[in-house]
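Visitor: Could you take me through the surroundings of the ligand in this model, with the cut-offs behind each term that you use?

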Amino acid sequence: MDLHVRYEGDDDPKKCTAKKLERFDMAVLHGSDRETPYGVVLNPHADRALSPADADTSALVALDCSWESAGEAMFSLPGEHRALPYLVAANPVNFGHPMQLTTVEAIAAALCIFGEKTRAEDVLSKFNWGHTFLELNEEPLRRYSECADSTEVVEIQREYLERE
Ligand SMILES: C[S@@+](CC[C@H](N)C(=O)[O-])C[C@H]1O[C@@H](n2cnc3c(N)ncnc32)[C@H](O)[C@@H]1O
């Protein structure tokens with residue numbers, strides 16, 4: 001599975017996690033929806049939760065833009081749109097907050113849910129806070145990766161949301 005990012009470029013490029021993945025040849029950035037390959041699109045507004053049932057995709061796609069501009073209309077990419085289930089951010093800007101993950105955290109979470117934990121560790125290894133993301137979310141990521149489908153993922157997510 002290839003990693004792709006629809007790159008909007010409205011965030012500080014020095015802090016942008018997608019740009020860093022590109023520098024290490026770990027993801028391909030695209031400047032328009034048309035150029036971005038069809039695949040599973042990581043979209044926090046999607047109705048369906050990502051689950052291991054989505055793992056057979058050839059392309060995992062994130063949209064890198066600022067959170068200010070990340071409204072529903074921004075996710076106009078063709079593809080199978082999926083929201084990540086409850087997880088907490090480890091990046092310095094949103095540390096400890098649920099759901100608002102950086103692009104690299106979102107990609108790493110999806111890889112873990114698909115059973116590709118080593119690859120998730122590889123992409124996160126480029127960030128000094130990266131290992132913390134896997135530590136903070138170790139239990140939910142393991143449990144989501146053991147689900148058959150999105151319905152099971154949502155059931156497990158409910159337990160974490162109830163503890164909030
Ligand atoms: C809004 S951008 C912010 C990126 C930030 N500028 C960076 O440097 O990483 C983060 C992207 O990660 C993915 N993402 C983050 N949280 C998500 C969630 N809860 N569900 C699905 N995708 C999510 C989406 O593709 C989202 O557009």
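Guide: What follows looks at the shell around the ligand and then at two residues from the record.

This is a predicted model, in which local features need pLDDT of at least 70 and side-chain atom pairs count only at pLDDT 80 or more, while totals for chains, interfaces and linings use all residues. Residues are numbered from 1 along each chain as its sequence is written.

Of the 22 residues around the ligand, those that come nearest are T17, L42, L84, T102 and A106, where a residue is near a molecule if its C-beta atom, placed from the backbone, lies within 6 Å of it. Two or more residues of this shell are given by each of helix 1 (17-23), strand 4 (59-64) and helix 2 (103-113), and strand 4 gives the most, with 3 residues. These elements are DSSP runs numbered from the N terminus, with helices (H or I) of at least four residues and strands (E) of at least two. By class, the shell has 14 nonpolar, 5 polar and 3 charged residues, with Ala, Val, Leu, Ile, Met, Phe, Trp, Tyr, Cys and Pro counted as nonpolar, Asp, Glu, Lys and Arg as charged, and the others, Gly among them, as polar.

Under "binding site", an unreviewed UniProt entry lists T17, L63, L84 and T103; UniProt positions are given in the numbering used here, feature names are shortened, and annotations may be inferred rather than shown by experiment. Of these, L63 has its place in strand 4, and L63 counts as buried because it has 24 C-beta neighbours inside 10 Å, the cut-offs being 20 or more other C-beta atoms within 10 Å for buried, 12 or fewer for exposed, and partly exposed in between, with C-beta atoms placed from the backbone. Leaving aside neighbours within four places in sequence, L63 is in contact with R6, E8, M74, F75 and L77, contact meaning that the C-beta atoms of two residues, placed from the backbone, lie within 7 Å.

L84, by its position, belongs to the loop between strand 5 (80-82) and helix 2, and L84 is buried too, with 21 other C-beta atoms within 10 Å. Again leaving aside neighbours within four places in sequence, the contacts of L84 are L42, L50, L101, A106, A109 and A110; L42 and A106 are also among the residues that come nearest to the ligand.

As for the setting, the chain has 6 helices and 5 strands, and buried residues make up 39% of its 164 residues.
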